[in-house]
Amino acid sequence: MFFDFAQIDPKEQYKLLVSTITPRPIAWVVSQSGEGVLNAAPFSFFNALSGDPPVIGIGMGSHQPDRPKDSRVNIEKTGQFVVNLVAEENARAMNVTAIEFDYGVNELKEASLTTIPSIHVKPPRIAESPVAFECELIQVVSLGSASGLVLGRVLAMHIRDDAVIDASKHYVDTPALKLIGRMHGAGWYAKTSDLFKMDRIPVQDWLREHHH
Ligand SMILES: Cc1cc2nc3c(=O)[nH]c(=O)nc-3n(C[C@H](O)[C@H](O)[C@H](O)COP(=O)(O)O)c2cc1C
């Protein structure tokens, strides 16, 4: 089937994108208003965009045409945020923080989550999450009137101790984190436990076997 986006409403375009680009990692973002009111919300238009410099990107929309998501408002104002990752055991609490509360409601409290102060930025991290990135805003790239791409530089990260195999070598036990990804539709998620291994092929090996 061919879908020409020139003929499709934005809401339907969104459906086609999010039901195919899967699984998507989830950025569980903690930010603060100018007055210091905490805010938390999940975003699955999220990924690592660069290793050097360490940059992550998050696509943040609007609640209504003239009301960008609270997270985006806070980040544009303060220039700081923390991205927590979501483990299986965090799924329910993450879903509570996605409730479309009014501006100024602390979703962390609603979800009975605990926070731990960050080292380099004002917003704290979520204690229950196994990985957290302390981020500083690089820039918000405007994507039309409704959306903005938040680009953040990672200043530091926290990983739950039991998931670090060798701190000096920066080896992480990724399966132990049990992170989840967002799938299609309104409520489907994936566990990251169905794995297979495939090594990279050195160019010499390929040439020796295919072009002698
Ligand atoms: C798993 C999940 C992923 C989400 N991803 C996004 C996203 O990528 N972009 C977005 O604008 N909203 C996304 N949402 C919706 C926001 O979390 C929701 O609108 C939230 O209320 C925004 O909170 P805020 O206004 O406090 O920032 C997602 C919701 C869930 C449950």
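**Figure 1. The side chains of S62 and R72 are joined by a polar contact of 3.3 Å.** The view is taken from a predicted model. S62 belongs to strand β6, which comprises residues 62-64. A second partner of S62 is A146: the side chain of S62 reaches the backbone oxygen of A146 at 2.6 Å. When residues up to four places away in sequence are not counted, S62 touches R67, P68, K69, R72, S145 and A146. R72 and A146 thus appear in this list of touching residues, and each is also reached by the side chain of S62, R72 at 3.3 Å and A146 at 2.6 Å.

**Figure 2. The ligand sits in the largest pocket.** The ligand is surrounded by 19 residues, and the closest of these are P42, G61, H63, D70 and S71. Which elements each supply at least two residues of the shell around the ligand? They are strand β3 (38-43), strand β5 (55-60) and helix α2 (70-78). The most is given by β3, which contributes four residues to the shell. Sorted by class, the shell holds eight nonpolar, six polar and five charged residues.

**Figure 3. Backbone atoms of P42, S44 and G61 lie beside atoms of the ligand.** A polar backbone atom of P42 is 2.8 Å from an oxygen atom of the ligand. For G61, a polar backbone atom is likewise found 2.8 Å from an oxygen atom of the ligand. At S44 the ligand atom concerned is a nitrogen, which lies 2.9 Å from a backbone N or O atom of that residue. On its own, the ligand has 650 Å² of accessible area, and the protein covers 92% of it. P42 and G61 are also listed among the residues closest to the ligand.

**Figure 4. The peptide bond from T22 to P23 is cis.** The omega angle of this bond is near -15°. P23 is located in the loop between helix α1 (10-18) and strand β1 (24-25). Which residues are in contact with P23, leaving aside its neighbours within four places in sequence? The contacts are G181, R182, M183 and A190. P23 and T192 are 169 residues apart in sequence, yet their C-alpha atoms are 9.3 Å apart in space.

**Figure 5. A cis peptide bond joins D52 and P53.** Here omega is about 5°. P53 is placed in the loop between strand β4 (46-50) and strand β5. Strand β5 covers residues 55-60 and is one of the elements that supply residues of the shell around the ligand. As background for this view and the next, most peptide bonds are trans, and most residues other than glycine have a negative phi.

**Figure 6. S112 has a positive phi although it is not a glycine.** The value of phi at S112 is about 55°. S112 lies in the loop between helix α4 (107-110) and strand β9 (115-116).

Notes
Residues are numbered from 1 along each chain as its sequence is written. This is a predicted model: local features need pLDDT of at least 70, side-chain atom pairs count only at pLDDT 80 or more; totals for chains, interfaces and linings use all residues. Side-chain values use heavy atoms; hydrogens and water are left out. A residue is near a molecule or strand if one of its heavy atoms lies within 4 Å of it. A polar contact is a pair of N or O atoms within 3.5 Å; within protein, one must be able to donate a hydrogen and the other to accept it, and residues adjacent in sequence count only if both atoms are side-chain atoms. Accessible areas come from the Shrake-Rupley method with a 1.4 Å probe; for residues, only the protein chains shown count as cover. On a 1 Å grid over the protein atoms alone, a cavity is a set of points where a 1.4 Å probe fits but cannot get out, and a pocket is an open set with protein on both sides within 12 Å along at least five of seven lines; lining residues have an atom within 4 Å of a point. A molecule sits in a cavity or pocket if more than half of its atoms lie within 2 Å of its grid points. Ala, Val, Leu, Ile, Met, Phe, Trp, Tyr, Cys and Pro count as nonpolar, Asp, Glu, Lys and Arg as charged, and the others, Gly among them, as polar. Contact means heavy atoms within 4.5 Å.
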